Amino acid sequence: PYPCEYRYAAKSMHMTHRWLKRCCDHVDKSASLYSHSQSLFPIVQGSVYKDLRKESAEVIASFNREGNAIGGLSVGEPVEDMYEMADLVCSILPKEKPRYLMGVGTTANILECISLGVDMFDCVMPTRNARNGMLFTSEGIINIRNEKWKEDFSAIDENGSCFVDTQYSKAYLRHLFVGKEMLGAQIATLHNLSFYLWLVKTARERIINGEFFAWKKIMVEKISRRL
């Protein structure tokens with residue numbers, strides 16, 4: 001959890017490392033399931049303490065598994081601390097193997113962490129927030145329950161890549177949420193997932209073209225706005 005005392009974080013980290021050794025031994029001597037090998041991603045821990053994160057990243061990297069995970073962030077710490085720890089850990093973990101940041105995050109969090117060296121993410125935010133009426137769009141964040149959308153018959157997101165983005169209006173989607181119709185949550189979920197997928201796909205294209213950092217700066221400002 002955050003916050004936690006240094007001794008607690010250190011004890012937990014060392015326990016994680018002991019578990020990892022046992023886990024790797026078990027996986028390596030076990031037969032593959034369903035004719036497929038399994039990938040094991042060890043998890044870096046250490047809370048927001050730099051020396052613990054450094055030690056854990058070095059231990060995790062020494063196991064030489066298929067990829068590596070960064071855990072224990074996005075648990076309530078200030079976002080600046082999350083970025084600082086992610087930056088530190090990514091500077092240690094091998095660049096040729098995927099680095100997976102667990103439980104992150106907002107669209108802005110994802111772009112910022114990509115810039116620090118993170119390759120993979122998972123988070124409930126696009127679906128959970130969608131069910132509560134929060135939409136992540138190309139122009140900013142929308143709370144579709146707000147009164148201001150009651151008579152706004154423009155598309156949910158004119159720049160969207162999913163059919164729901166232009167097929168349904170903000171006013172109609174708000175009507176569904178106010179009426180507690182399940183279709184509202186379904187439409188919002190499809191939109192948010194589609195937007196997240198578009199965002200990381202475009203980030204990859206911009207990285208390949210050498211345009212990522214300039215594009216990221218503009219996008220973070222746009223998609224972080226509350227509309």
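Two residues are taken to be in contact, or packed together, when heavy atoms lie within 4.5 Å. The model is predicted, and local features need pLDDT of at least 70, side-chain atom pairs count only at pLDDT 80 or more, and totals for chains, interfaces and linings use all residues. Residues are numbered from 1 along each chain as its sequence is written, and side-chain values use heavy atoms, with hydrogens and water left out. Helices (H or I, at least four residues) and strands (E, at least two) are DSSP runs, numbered from the N terminus.

In helix α3, M82, M85, A86, V89 and C90 are buried, that is, under 20% relative accessible area (exposed is over 50%, partly exposed in between; 1.4 Å probe, protein chains only). These residues lie on the same side of α3 because they cover an arc of only 125 degrees around the axis, the arc being that of the directions from the helix axis to the C-beta atoms. The buried residues of α3 pack against β1 (43-44), α2 (50-62), β2 (68-70), β3 (99-102) and α4 (107-116).

Aromatic rings were also examined. Rings of Phe, Tyr and Trp (its six-membered ring) pair if their centres lie within 6.5 Å; planes under 30 degrees apart count as stacked, over 60 as edge-to-face and the rest as tilted. The count comes to 7 aromatic pairs. One of them, Y6 with Y49, is edge-to-face, at 5.1 Å centre to centre and 75 degrees between the planes. This pair links distant parts of the chain, 43 residues apart: Y6 is in helix α1 (residues 6-29) and Y49 in the loop between β1 and α2. Y6 has 35% relative accessibility and therefore counts as partly exposed.
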